[in-house]
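Open the model in your viewer and switch to a cartoon display. Keep the sequence panel visible, since the stops below are selected by residue number.

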Amino acid sequence: MGARHQLIAREPSVHWAVPEDESRYADWMVGTFDSAPGNGRWPEGGSSTEYTARVGPKEFHGRTTVRRLDAPRTPELESHAGPLSTARIAFDIRPLNDKTLAILDEPPLRGLGGGLHNTVLDAFAQIRHRGMLRRLAKVVGGMPQDTG
């Protein structure tokens, strides 16, 4: 699975504030309908947020845990979607003049998504990543500038 990147017309400090705010999780995470505090103090390592995702009329409940935090550059999360999948969600936030280059990588780790990982799922993931990065750009108030 390839990483996807997005140039966001805001400086990295503004971008970083969004994943750092647990209450904004559902605003930028594609497929997430709602989120609520989980364990620990977000975004400290090991802390988590609980979320609800919708696929058509079905609702799924999951948990996302902070696995690594290197502020203000790298939040790395692990999302548990029950039997569907567990995925690592890693951002690399890089300054580029007064803008941010946000790089996203989200490989499946376990569950159905990890077991069925193939090029079709990779293509779907690229569409998901594009949506996630665009939502993130909208939340931080920076118009996305597509770079690939």
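The tour goes through a set of paired strands, then a nonpolar core, then a helix. Bear in mind that this is a predicted model.

**Stop 1: strand β6**

Select residues 86–96, which form β6. Now add residues 74–80, strand β5: the two strands pair in the antiparallel sense over five bridges. One place to zoom in is histidine 80, whose bridge partner in β6 is threonine 86.

Keep threonine 86 selected and look for arginine 110 in β8, which stands opposite threonine 86. Strand β8 covers residues 108–110 and runs antiparallel to β6, joined to it by two bridges.

Next, add residues 99–105. This is strand β7, antiparallel to β6 and connected with it through seven bridges. Arginine 94 has leucine 101 of β7 as its bridge partner. Follow the chain from β6 into β7 and you pass a hairpin with two residues between the strands. Asparagine 97, in that turn, has a positive phi of about 60 degrees.

**Stop 2: the largest nonpolar core**

Clear the selection and show the side chains of Tyr25, Trp28, Leu77, Ile89 and Phe91. These have the most contacts inside the largest nonpolar core, a group of 21 residues. Which elements each supply at least two residues of this core? They are α1 (12–20), α2 (25–28), β3 (48–55), β6, β7 and α4 (119–140). The most comes from α4, which gives five residues. In soluble globular proteins, nonpolar side chains tend to be buried together.

Centre the view on leucine 77. Leaving aside neighbours within four places in sequence, leucine 77 is in contact with ten-odd positions worth colouring, among them Tyr25, Trp28, Trp42, Val66, Ala87 and Ile89.

**Stop 3: helix α4**

Select residues 119–140. With 22 residues at 1.5 Å a residue, α4 should span 32 Å, and its end C-alpha atoms are 31 Å apart, which agrees.

Colour Asp122, Ala125, His129, Met132, Leu133, Leu136, Ala137 and Val140, the buried residues of α4. They cover an arc of only 130 degrees around the axis, so they lie on the same side of α4. An α-helix has 3.6 residues a turn, so residues three or four places apart point the same way.

Turn the helix round and pick a second colour for Val120, Phe124, Ile127 and Lys138, which are exposed on the other side of α4.

Finish at glycine 141, just after α4, where phi is positive at about 80 degrees.

Conventions
Residues numbered from 1 in each chain as written. Predicted model: local features only at pLDDT ≥ 70, side-chain atom pairs only at ≥ 80, totals over all residues. Heavy atoms only, no water. Pairing = 2+ DSSP bridges. Helix = DSSP H or I, 4+ residues; strand = E, 2+ residues; numbered from the N terminus. Core = buried A, V, L, I, M, F, W, Y, C linked by side-chain atoms within 4.5 Å. Buried < 20%, exposed > 50% of the residue type's maximum accessible area, 1.4 Å probe, protein only. Contact = heavy atoms within 4.5 Å. Expected span 1.5 Å × (residues − 1). Arc of directions from axis to C-beta.
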